[in-house]
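Q: Please take a close look at one part of this model, a sheet and what lies against it. I would like the strand order, the pairing and the surroundings in one connected account.

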Amino acid sequence: MKTAEIAQRFLDFFEKKNHTIVPSASLVTDDPALLFTVAGMVPFIPYLSGVVPPPYPRAADVQKCIRTNDIEEVGKTPRHGTFFQMLGNWSFGDYFKEDAIRFAWELLTAPESEGGLAFDPKDLWVTVYEEDDEARDLWLKLSTLPDERIQRLGKDTNYWSTGLPGPAGPCSEIFFDRGPDYGIDGGPATDDDRYVEIWNLVFMQYEITNVRSKYDFDIVGELPAKNIDTGMGLERIAFIKQGVDNMYETDQVRPVLDLAAKLAGKAYGAESHEDDVRLRIVADHVRSSLMLLADGVTPSNEGRGYILRRIMRRAIRSMRLLGVEGATFPELFAASRDAMKESYPEVETDYARLSAYAIAEEQTFLRTLAAGSAILDQSVAEAKTGGGTTLSGSEAFLLHDTYGFPIDLTLEIAEEAGLSVDRGAFDQLMLEQRTRAKADARARKGAIADQSAYREFRALGETVFTGYTELQTESKVLGILVQGQGTDRASEGQIAEVILAETALYAESGGQVADKGVIVGPGYELEVLDVQRPVPGLVSHTVEVTTGEVAVGAPATTVVDGLNRHAAQQAHTATHLVHAAIRDTLGKTATQTGSLNRAGYMRFDFSWGSALSAETRTEIEDIANNAVRDNLEVTTRVMSLDEAKAAGAMALFGEKYGDTVRMVDIGGPWSRELCGGTHVARSAEIGLVNLVGEQSVGASNRRVEALVGLDAFRDLAAERAIVSQLSTSLKTPREQLTNRIAELAASLKAAEKKIAAFEAQALTGRLPQLVESAVAVGTVKVVAQSLGEGASADDVRSLALQVRDRLGSDPAVVALGSVAGGRATVVVVTNDAARERGLAAGALAKAAAAVLGGGGGGRPDVAQGGGTDAAALPQALDGIVADVRATTA
């Protein structure tokens, strides 16, 4: 039974049980405590916790998930994957334990001809929370399971919570017994891989607080409604139904695994366990990367983008360890696309964009591997020259942390060279880094307000936003929060969150920053610092009480700063124009990946793999300003998502849309996007769009910046003033300035070249004196001299090599230093005879650089170091002499 068929059977079954079928939410979640949708319940948290009234009493879905906390287990066990799909059925105060258990048993054991999954009851086991007698009794009543296959387990396995304040409750898990060939007898209580958890039924009925750990908390009481939250692992069901040993061999993953094996010249399952693990890692990570890219995540060095980059690079690394050093993503990603497109058609329709990111990331990392290999080769050579047998953990960590060079490749290369790596020191540094990261994550979670604080306000209905048509709206204060806690009033000088029934103030979203303005009422005035949506449908105003005291129930009028709003509208509408202009110039694959709009300024990120030429930038700017000139009408329509897509509206990657959306047209279909932001009425109101910058913001991702309206004019006026000053100073007409400045630059370059030649000649003149300054340190001739101010590193290196050549074939070390721009540089060179005595230039330069407060190194024959402590140059040179003496003693 194919994976897609299993998912459809699940949805069909629950649709017949009067469940609303809900499409999968994005892998990118709105929850600020999470980077990704890590479980099927994440999109439903507002409903399960009672913060937001549920739009339906019961639902079912197939939810895409990403989880990387067990990434090191991927490929090693039959069930761990970074991307997985969770089948779920949900009840929001409707049915509870009895129906949840009945539905699960019926679907699992019903014949395939009746839409079931046809599991043999003798292969199924169940666990319940040790104190949940009701669940145990229901299993005995509703299933054919004998009592001995219903096991009671403790809170650590059968009590569910997020580890944060909010909903919680006991759960019942269903397991499939793979048989005695896979492990010991005894049921799920043995915690053996023989028993595969396939479905978890969570009976969510309590609210917890004072959470000390995931299993140590205080129960406040029952939730407003008892809910059902279930999750059945689609991949786990698939590998059981398809008769294979693990999720990597199912129909949506195996094609990538087989292709990776073919590219590597390996036979999966027939050669080595390590190779099989690597092939499974590749298969899992390629699919995960494809699905993350499809939901708008792009590789970067922070946040979600860093996780994606890590997953992609683990796949590349695994192919490297399998013996493939060239690019493989063009083929592997195409195979994953073909395996996933039946369930997720967007991976095919948007494949040009997705593959561009993947291929660019692979090319970048292959270059990183090449650079890291060169640095590692140098470290290996220095270690061997110095008679060492071990690479330090700090060097391995530097390669990993700074250059992205994987530790297992470091181990492999070092082993080939006959060296070991201080893995203990490396692991300690990694542990310290992870500890810091976990502390940061805890701090981030701790900074997030408990969403239950907003429940009573959201239960009153959605906040009505009037700002599309009004700049001032009368309302009343529904609630006040100070430091996340509800209160009945806030006084002058306090910072508070104020919840209103209606507001004209725009809450930050869609790249547009929040409005500025005030909230006023009888005897008080509040300065608005920020406007956000802490939970769907609810607007919260962060304010400072500047005058008087505001109380719950008081009348309140929101007043928008009209000038700031208009400037923000100009910028947001200009973003739509620039987007349309970019697609018109570069093609339809150049799609938006991010934006920021504030008064007078817009920033727009889009998928593209190379820098824009000056001509292309000018063309984009011209198209946008032509649209301004044409005074195009800006209209908005509210419609269903399907209607908007049929009309050709662009849905932006990473954005989440409800069933009803707002479509913004500029000039009819010329620009048509789904957007909840505020806009001008006609394009001429924008005034002017001035592109002021373009840069890379990651592999296959570019960013343009523009000033808009009055800010754009002021910037052009400032440039005009600069041109006028240059024209006056150089006594050159404006139209001839470019040629005149080029002439001056050429003259300056020629003068600098002559000066450099004179300085080099002067340095060469010091050659005899430097040779004469050589002193005998044991059997080694040493020259350690400062050349003073001004000499460049290249000149110092050239002179040091000349001095070494003049010293003949006896052991010789030359160390010359100079100071330029307040920074000291030391160049160390050695000859063959010196290196035979264990004197490596790289080690000497590195030690000298440490004295100078910097870093350095290089080859055993020529090396360089430096630092900012120029006054310590004599001490650094003396240190080299001392090191030579100690080495040759």
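A: Two strands are taken as paired if DSSP finds at least two bridges between them. The model is a predicted one. The part chosen here is an open sheet of four strands, ordered 22-23-28-27 and paired in the antiparallel sense. The edge positions belong to strand 22 (592-598) and strand 27 (689-696); each has a single partner strand, so one side of each is left without a neighbour in the sheet. On average, neighbouring strands of this sheet are turned by 15° against each other, with direction ignored.

At one edge, strand 22 meets strand 23 (residues 601-607), and six bridges join them in the antiparallel sense. Within this part of the sheet, Gly-594 stands opposite Asp-605, a residue of strand 23. In general, the strands of a sheet pair through backbone hydrogen bonds, which may be parallel or antiparallel in arrangement.

Towards the other edge, a helix joins the picture. Helix 20 lies across strand 27 and strand 28 (701-708), and runs at about 90° to strand 28. This helix covers residues 710-729, and Ile-722 has its place in it. Ile-722 also belongs to a nonpolar patch on the surface, together with Leu-726 and Ile-741. The accessible area of the three together is about 240 Å².

To sum up, the sheet has an antiparallel order of 22-23-28-27, helix 20 lies across strands 27 and 28, and helix 20 holds Ile-722, one of the residues of the nonpolar surface patch.

Key
Residues numbered from 1 in each chain as written. Predicted model: local features only at pLDDT ≥ 70, side-chain atom pairs only at ≥ 80, totals over all residues. Heavy atoms only, no water. Patch = residues over 30% accessible without salt bridge, like charges linked within 9 Å, V, L, I, M, F, W, Y side chains within 5 Å. Areas by Shrake-Rupley, 256 points an atom, 1.4 Å probe, with all protein chains shown as cover. Salt bridge = Lys/Arg side-chain N within 4 Å of Asp/Glu carboxyl O. Helix = DSSP H or I, 4+ residues; strand = E, 2+ residues; numbered from the N terminus. Axes fitted to C-alpha atoms, helices over the stretch in contact; angles between N-to-C directions. Contact = heavy atoms within 4.5 Å.
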